[in-house]
Amino acid sequence: MSLRITIDVFSGRENPVIELKGSAAREVLERLRPTRRLSKQDRRLPAMATLGYRGLVIEQLGKPARGLPRVLRYAHGDLFGPGLAHRAADVALEDFVCGSTGLVRKLKLGPRFPELLTKEIERFRWIREKYPSKPTAWPWPLRNPCRCAPLYEPDWWNVPQRQPYNNCYNYSTNYRTDTFAQPGRAAGATYAALTCAAVRPAAVADCLIDSPSAYNKCPAKGHLVALVVWPGGDYHWYRKGRNGYWSHKPGGTPATNLDNSAATIPDPRTADRGPYTDFCTFMVVMHGHIKIK
Amino acid sequence: MGTSRSSRHEKWIAGVHIYSGRPDPTWEVKRTAAQKMIRYWNSLKARAGVLPSRPGLGYRGCFLRGRGREWIIYHDAVMLKKAGGWEIRLDREQQFEKALLASAPARLLPPSLGVGH
């Protein structure tokens, strides 16, 4: 009987691995024994992999013990794997493995590593509470589904040949130009200041329809976008998707459906927008009517 | 020979990842200033642990490029692009980031970055 425990924490470096045999492996297996099944109220794992500690990955290298899959993930006393979403018998296994007197000492990763790992384990606990565990569990359909709105398809935008060359304006209007499009540039009416009063008419010159009274409601035709401004710094756009939630693409970075606090966006007026403090207006994009460059 | 001469005269370019709609600002860094930053990089030690998380909107770090090399800097993490990955070093005092931002021309960067031009 032997076990491989991978501390899933790094992104660039290889994760630390501890291998146990014989009685040491049996002791850990006993600590992993599933008890009650997790309820709907219990925290799950984030839907997306996050940076930093993500749990202990336990692999049974011989014949798997009864009641446990060959590979499982342990986080904060919870077990996850094929057919497994249970509380473990030992809810403090991370301390046993990663604490200052834990098994991790044998790896010689430096005196500060256990302390850093302990902080990371706590940070991941907070992430598990904060991040949505199932993005597909968005309420569907909403009362006001946006049938004409674009699908949320980040995989299409987030590739090297498109992502760096298309910004929030491209993404919100669902119009790929590969030119980092600027409001008003196609119409020869580029904004002259970074204020709502200046950027709004530039977008109108591109044939977006200013709809300040849209009040987060989907239009009968076209789709809804929202303009916000970082006063004197920049502007930013969001678009409302077919499921009624908003997504955006911060500059050349990946498109996302999360705000600066990693929360989904039911309304951009109330989202965490970082320095883009001024909400300017909603606008409607009529497909095929606009021209941006 | 020709390659090394052209590489010696290649410009050093810096920039900030900050905007969403506008193109991010970039500027040319003087060769002496870039060499000073590289000497500082050489004095830094490897950085272990989790990288600081970067926000979606707002300041997301800065970069220095030249002579086929590229560094990305965000707070205490200074990363040099290498074939197949990044070499990450710890800059506790964030001197690399401060020096790079301070090399920007006056009024190029938004005041919120706290660069005193």
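**Exercise 1. List the residues that Leu100(B) touches in this predicted model, leaving out residues up to four places away in sequence, and place Leu100(B) in its nonpolar core.**

Step 1. Look around Leu100(B) for heavy atoms within 4.5 Å. Leu100(B) touches Ala14(B), Trp27(B), Val29(B) and Met37(B), and also Cys62(B), Phe63(B), Leu64(B) and Ile73(B).

Step 2. Now find the core. The largest nonpolar core has 40 residues, and Leu100(B) is listed with those that have the most contacts inside it, together with Val16(B), Val29(B), Tyr59(B), Leu64(B), Trp71(B) and Phe96(B).

Step 3. Check for a further core. Apart from that one lies another core, of 31 residues, including Ala25(A), Leu56(A), Leu79(A) and Val97(A).

Step 4. Recall a general idea: in soluble globular proteins, nonpolar side chains tend to be buried together.

**Exercise 2. Describe the interface of chain B and chain A: how many residues are in contact, and how much area is buried?**

Step 1. Count the residues on each side: 17 of chain B are in contact with 32 of chain A.

Step 2. Turn to the area. About 1700 Å² is buried between the two chains, and carbon and sulfur atoms give 63% of this.

Step 3. Pick out the main contributors on chain B. Ser20(B), Val50(B) and Leu57(B) supply 37% of the area that chain B buries against chain A, more than any other three residues.

Step 4. Sort the side of chain B that touches chain A by class: eight residues are nonpolar, six polar and three charged.

Step 5. Search for polar links. The rule finds twelve residue pairs in polar contact across the interface, but zero salt bridges.

**Exercise 3. Find out what the predictor's confidence is for each chain and for the complex.**

Step 1. Start with chain A: its mean pLDDT is 87, and 91% of its residues reach 70 or more. Over residues 135–142 of chain A, however, pLDDT stays under 50.

Step 2. Go on to chain B, which averages a pLDDT of 88, with 91% of the residues scoring at least 70. Residues 1–6 of chain B are below 50, and this stretch has zero contacts in the model beyond near neighbours in sequence.

Step 3. Finish with the complex, to which the predictor gives an ipTM of 0.71 and a pTM of 0.60.

Terms used:
Residues numbered from 1 in each chain as written. Chains lettered and ligands numbered in written order. Predicted model: local features only at pLDDT ≥ 70, side-chain atom pairs only at ≥ 80, totals over all residues. Heavy atoms only, no water. Core = buried A, V, L, I, M, F, W, Y, C linked by side-chain atoms within 4.5 Å. Buried < 20%, exposed > 50% of the residue type's maximum accessible area, 1.4 Å probe, protein only. Buried area = accessible area lost by both parts, 1.4 Å probe. Salt bridge = Lys/Arg side-chain N within 4 Å of Asp/Glu carboxyl O. Polar contact = N/O pair within 3.5 Å; in protein donor to acceptor, adjacent residues only side chain to side chain. Nonpolar A, V, L, I, M, F, W, Y, C, P; charged D, E, K, R; others polar. pLDDT = per-residue confidence, 0-100.
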